[in-house]
Structures are given as structure tokens and as C-alpha cells.
Amino acid sequence: MDLILWRHAEAQVLADGQDDLDRRLTAAGERQARRMGLWLQQRLPDTTRVWVSPAVRTRATADALERPYKVLPELAPQADPADWLPLMGWPDAVAPVLVVGHQPALGQLAAQLLCGAPLPWTVKKGAVWWLSSRRRQGVQQVLLRAVQGPDLL
């Protein structure tokens, strides 16, 4: 199974009295999302399921991919990434899953899968971490296939 973690692009600073879910992308964030969306379009299989947090900034990031997506409340900010793996079918699902979400959950999930503990790893704004699950000689393995930031495109 392929699991692609995409952190939302740069968003506006939370204003007094504003709901965190309503923050929009900055102009720089819109450019980041477009660059990463193009990179992903060239690489994602057609069967990829795209799941997005209900936040405005994650939906705007996912819009740059120009594919249908499903908004899942389970991916909202402050969500527990431990709840995501059964939802995704990790590690045995056939179709890839692209999650557009938030820190610290994305970094914690990457750390959990790669080293067995939900460490406070940081996924840069607008960046993608692409992981794969595979079985070799009866042992389940996690392979880090790519880490790509929008600033390197």
C-alpha cells in the first residue's frame, strides 16, 4: 500500500475570534499547492483515494490536485493519527491513499510508521511524504519512497 502524506500549504495566521478551520491559504501557499499538485498529478495512480481534513486550507491545497476528494472529520486539526491507520486499511489496502492534513498529526504518523513511535517530527508546509508498505520474506516493512517540498520544485 502507498500512503502519501501532504501537509497543507502556507495559511494565513489565525486572527482574533477566527475559527481555525476557516483559515485560507496565503498567496505563497496557493503557489506551493499548485507546484505540489502538479508534481503529484504526474505520479499518483488513478486509483488513489484522496482524503482531506475539513479545514479550508487543506481543501484549498487539495483543490490544486484537480481530483475528487473526500472530506473526513477524522483528519481535522488535533486529530489522533493512531485512528487513521485502520480507516486507511494500512498496511494491506490495494489502492493508494493521499491524506491532506495538519501538523503535528502527519509528522507523528510518519514517525510511527518509520520508527515505531509517534515522535514530534515536522512535515514542512506544502510538503509530501510518500510511504509504502511491503512484505519481504514474511516481514512487514515500511519504505520511505519520497520526501518532496514545494520549494524544491
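## Close-up views of a predicted model

**View 1. Arg7 in strand β1.** R7 is found in strand β1, which covers residues 2-7. The model shown here and in the views below is predicted. R7 is buried, yet this residue has no salt bridge. The nearest side chain of opposite charge belongs to E10 and lies 9.7 Å away. That distance exceeds the 4 Å limit used for a salt bridge. Neighbours within four places in sequence aside, R7 is in contact with T61, G101, Q103 and L106. The contacts of R7 also include V123, K124, K125, G126 and A127.

**View 2. Overall fold of the chain.** The protein chain has 4 helices and 6 strands. Read from the N terminus, these elements follow the order β-α-β-α-β-α-β-α-β-β. The C-alpha trace spans about 55 × 30 × 25 Å along its principal axes. The radius of gyration is 15 Å, which agrees with the value near 15 Å for a compact globule of 153 residues. Of the 153 residues, 48% count as buried. Among contacts between residues at least 6 apart in sequence, 61% join residues at least 24 apart.

**View 3. Strand β4 and its parallel partners.** In β4, 5 of the 5 residues are buried, so the strand is largely enclosed by the rest of the structure. V97, V99 and G101 point one way from β4, while L98 and V100 point the other way. β4 pairs with β1 in the parallel sense over 5 bridges. In this pairing, I4 stands opposite L98 of β4. Strand β2, residues 49-52, also pairs with β4 in the parallel sense, over 4 bridges. Here R49 stands opposite V97 of β4.

**View 4. The largest nonpolar core.** This core has 23 residues. Which of them touch the most other members? They are L3, L5, W84, M88, V97, V99 and L109. Two or more core residues come from each of β1, α3 (84-88), β4 (97-101), α4 (105-115) and β5 (128-136). The largest share, 5 residues, comes from α4. A second, separate core has 15 residues, among them L44, V52, L98 and V128.

**View 5. Surroundings of Trp84.** W84 is one of the residues that touch the most other members of the largest nonpolar core. Sequence neighbours within four places aside, W84 is in contact with E74, L75, A79 and V99. W84 also contacts A105, L106 and L109.

**View 6. Helix α4 and its packing.** The buried residues of α4 are A105, L106, G107, L109, A110, A111 and L113. These buried residues pack against β1, α3, β4, β5 and β6. Just after the helix, G116 takes a positive phi of about 85 degrees.

**View 7. The salt-bridge network around Asp20.** Side chains of opposite charge can pair when their charged atoms come close. The structure holds 4 salt bridges. D20, R23 and R57 are linked in a network of salt bridges. The side chains of D20 and R23 meet at 2.9 Å, N to O. D20 also forms a salt bridge with R57, with the closest N and O atoms 3.0 Å apart. This second pair links distant parts of the chain: D20 lies in the loop between β1 and α1 (27-41), and R57 lies in helix α2 (residues 56-63), 37 residues apart. D20 is partly exposed, with a relative accessible area of 25%. R23 is buried at 14% relative accessible area, and R57 is buried at 2%.

**View 8. The salt bridge between Lys124 and Asp151.** K124 forms a salt bridge with D151, and the closest N and O atoms are 3.0 Å apart. The two residues are 27 residues apart and link distant parts of the chain. K124 lies in the loop between α4 and β5, whereas D151 lies in the segment after β6 (139-148). Are these partners buried or partly exposed? K124 is partly exposed, with a relative accessible area of 48%. D151 also counts as partly exposed, at 48% relative accessibility. K124 is among the contacts of R7 shown in View 1.

Conventions:
Residues numbered from 1 in each chain as written. Predicted model: local features only at pLDDT ≥ 70, side-chain atom pairs only at ≥ 80, totals over all residues. Heavy atoms only, no water. Buried < 20%, exposed > 50% of the residue type's maximum accessible area, 1.4 Å probe, protein only. Lys, Arg positive; Asp, Glu negative; His and termini not counted. Contact = heavy atoms within 4.5 Å. Core = buried A, V, L, I, M, F, W, Y, C linked by side-chain atoms within 4.5 Å. Pairing = 2+ DSSP bridges. Rg over C-alpha atoms; globule rule 2.2 N^0.38 Å.
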